[in-house]
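I opened the notebook with a short list of things to look up, beginning with the make-up of one chain and then turning to single residues and their backbone.

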Amino acid sequence: MEGVFSWFDYMSSRTDLIVGGLSQTLVYVVLVTVAATVTAIVLAIVTLHQAFAKELVLAISSVFLTIPSLALFTIFIPIVGLGFTPSFIALYLYAIMPILRNTSTGLDSVDPSVLESAKGMGLNRFQVLTKVQLPLAWPVMLAGIRVSALLTVGISAIATLVAGGGLGDFIKSGLARLPLPNSLEAIWTGVILSLVLALFIDSLLRGVGRFTTPRTKKA
Amino acid sequence: MSVEPLIKLENVTKSYPGVDQPAVKNLNLAVTPGEILVLVGPSGCGKSTTLRLINRMIEPTSGRIIYEGEDVTEGDPNELRRRIGYVIQQIGLFPHRTIAENIATVPKLLKWPKDKVRARVDELLEVVSMDPSIYRDRYPSELSGGQAQRVGVARALGADPDVLLMDEPFGAIDPITRDRLQNEFLRLQGELKKTIVFVTHDIDEAVKMGDRIAILRDQSEIAQLDTPEHILTDPADEFVENFLGSGAILKTLTLRRVKDIELSPLVTLKEPFQRDQALRQMSDANTSVAVLLDRNDHPTRWIDEKALNRSSALDRAGRPISVQLQPEDTLQDALAAMLTTAAGMAVVVDGRGHYLGGCTVESLAQLLIQTGAESSSS
């Protein structure tokens with residue numbers, strides 16, 4: 001019980017730091033998710049009819065996910081310096097794969113007879129894509145976007161190690177000062193706020209899904 | 001035929017890279033306006049490929065495609081496809097669009113004004129016997145197979161094309177519904193008078209649907225192109241004969257209707273009648289079965305001697321007449337109806353259910369023997 005009280009004390013005396021960390025993480029999540037979504041959808045569409053290119057792009061994006069986060073965050077420092085940019089690049093590279101894979105899968109899983117009839121009625125390729133394939137693939141694509149957004153919340157805690165800010169700051173400073181006073185409270189702050197942010201973003205995207213998924217049944 | 005063909009394939013060949021034999025080789029085909037031309041043949045003969053060459057879903061390797069007197073081999077294939085209805089076996093309705101939106105696909109592509117599209121959708125739903133107020137706002141997942149197929153046809157008719165291409169449209173539907181849809185489609189075609197190219201692997205369907213049938217063998221080579229009657233009674237060669245199967249003469253039954261044969265009078269009984277007199281009538285006519293008519297001349301039951309000799313009430317004697325024929329039914333229906341009654345005969349009624357006469361196995365057999373003799377002598 002005492003721990004919880006001291007954690008509240010810790011938080012309430014540092015609201016500006018908390019708001020700062022939280023909003024920095026949120027900025028990462030929003031920017032990274034948007035950038036990765038655009039990239040992944042463009043890549044999936046461009047490689048739609050080229051099996052080899054599709055596999056290649058997927059393989060490359062998967063390779064990024066296997067690189068340890070610490071390495072990926074630091075690898076760009078010589079080129080772009082410390083702070084926001086190397087963190088953004090690393091998170092962006094991580095976030096592409098789930099969206100790309102789901103977009104490809106979603107586009108591929110559209111019933112071939114639906115595509116055949118669309119083409120047979122004289123829809124051109126662009127119309128088939130925008131009126132048939134993308135709407136039908138959207139629920140699967142959105143599932144990928146959700147995974148990437150959550151991934152970004154979690155991994156963005158590493159950004160603190162390259163001076164990228166965010167909720168990771170609390171965890172890092174807590175770990176560095178352990179077992180001094182307030183060190184544990186700092187770690188808890190970082191962890192729990194990340195968790196809350198993740199839950200919030202997930203339910204937000206679920207709501208987006210409910211509103212944007214095309215209906216296939218009369219209400 | 002003096003009529004200018006609506007669709008013409010001229011020396012069309014389709015070969016695929018890496019395959020020695022072309023899928024379609026040097027094909028010439030002319031489709032007359034207003035006819036149902038059925039392409040039928042064993043699987044792999046290239047009949048679907050041929051159909052898909054017409055709306056350039058498959059681009060020909062060489063040759064020309066003429067549509068409404070215009071060479072459409074080059075030019076925008078999408079423009080061409082919007083002028084040709086296309087129905088496939090799996091239908092391919094858009095699952096995320098309502099029935100109305102599905103049907104409106106081509107009119108919207110052609111940028112028809114909104115209220116014209118709306119009116120057209122309702123009209124088409126009526127045409128395929130679906131109540132617009134019920135089905136307009138439903139989604140394809142809420143339809144049965146037969147309903148989905150109807151919507152598929154309505155969608156193909158969207159912008160009122162002159163031509164419909166149908167690739168085994170009833171292939172994935174249960175036999176009973178298929179039969180109903182075929183009949184409905186023939187009735188519809190009687191009103192619409194579209195030009196239809198219809199692909200099937202089922203010779204019975206071909207005989208039923210086709211004004212003319214093209215029997216294709218490998219590489220879409222035309223083995224015989226003629227009316228169903230001529231093909232059935234006078235197959236061009238052994239391939240056609242084998243493809244028709246042994247029942248070719250039986251299949252001519254689907255081409256003739258009950259009204260084409262002379263009805264045989266059956267012994268009819270109408271209350272009140274005398275038992276002895278009835279028995280005498282039956283023995284005079286040399287038959288063991290009579291038809292019981294009700295007050296309005298509707299046939300109700302088969303009555304045999306045994307039933308007459310029993311003392312039970314007549315409205316429960318004998319067996320009920322479960323199948324009645326109408327003059328528009330095919331002789332194949334008639335044969336089926338006769339086989340369900342042990343008597344080897346069936347009752348023919350008019351549209352209001354009044355007794356017209358009977359149809360017997362003997363009269364059918366006579367007709368078949370005649371047809372067989374004609375075809376072997378020709």
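I began with the contacts of chain B, bearing in mind that this is a predicted model: among its contacts with a separation of 6 or more, 61% are between residues 24 or more positions apart. I then counted the secondary structure and noted 16 helices and 17 strands in chain B.

For the dimensions I took the C-alpha atoms of chain B, which fill a box of roughly 80 × 55 × 35 Å along the principal axes. I also looked up burial, and 50% of the 378 residues of chain B count as buried. The exposed area of chain B is about 18,100 Å², and carbon and sulfur atoms supply 47% of that area.

On charge, I noted 43 positive and 55 negative side chains in chain B, with the centres of the two sets 6 Å apart.

Next I turned to one arginine. I found Arg136(B) in the loop that runs between helix H6 (132-135) and helix H7 (145-156) of chain B. Is Arg136(B) buried or exposed? I entered Arg136(B) as buried, because its relative accessible area is 19% and the cut-off for buried is under 20%. Its side chain makes a polar contact of 3.0 Å with the side chain of Asp122(B). Leaving aside neighbours within four places in sequence, I listed the residues in contact with Arg136(B), which are Thr98(B), Ile99(B), Ala100(B), Arg118(B), Asp122(B) and Leu125(B).

I then went through the backbone, keeping in mind that most residues other than glycine have a negative phi and that most peptide bonds are trans.

Which residues does a cis peptide bond join in chain A? I noted that this bond joins Leu178(A) and Pro179(A), with omega about 0°, and that Pro179(A) is found in the loop between helix H9 (168-177) and helix H10 (183-212) of chain A.

For positive phi I made two entries in chain B. Ile91(B) has a phi near 65°, and I placed Ile91(B) in the loop between strand E6 (84-88) and helix H3 (99-103). Lys193(B) has a phi near 55°, and I placed Lys193(B) in the loop between helix H8 (175-192) and strand E8 (195-200).

I closed by looking up the accessibility of these two residues: Ile91(B) is buried, with a relative accessible area of 12%, whereas Lys193(B) counts as exposed, at 56% relative accessibility.

How values were computed: Residues are numbered from 1 along each chain as its sequence is written. Chains are lettered from A and ligands numbered from 1 in the order in which they are written. This is a predicted model: local features need pLDDT of at least 70, side-chain atom pairs count only at pLDDT 80 or more; totals for chains, interfaces and linings use all residues. Side-chain values use heavy atoms; hydrogens and water are left out. Helices (H or I, at least four residues) and strands (E, at least two) are DSSP runs, numbered from the N terminus. Buried means under 20% relative accessible area, exposed over 50%, partly exposed in between (1.4 Å probe, protein chains only). A polar contact is a pair of N or O atoms within 3.5 Å; within protein, one must be able to donate a hydrogen and the other to accept it, and residues adjacent in sequence count only if both atoms are side-chain atoms. Contact means heavy atoms within 4.5 Å. Accessible areas come from the Shrake-Rupley method with a 1.4 Å probe; for residues, only the protein chains shown count as cover. Lys and Arg count as positive and Asp and Glu as negative; His and the chain ends are not counted. The place of a charge is taken as NZ of Lys, CZ of Arg, CG of Asp or CD of Glu.
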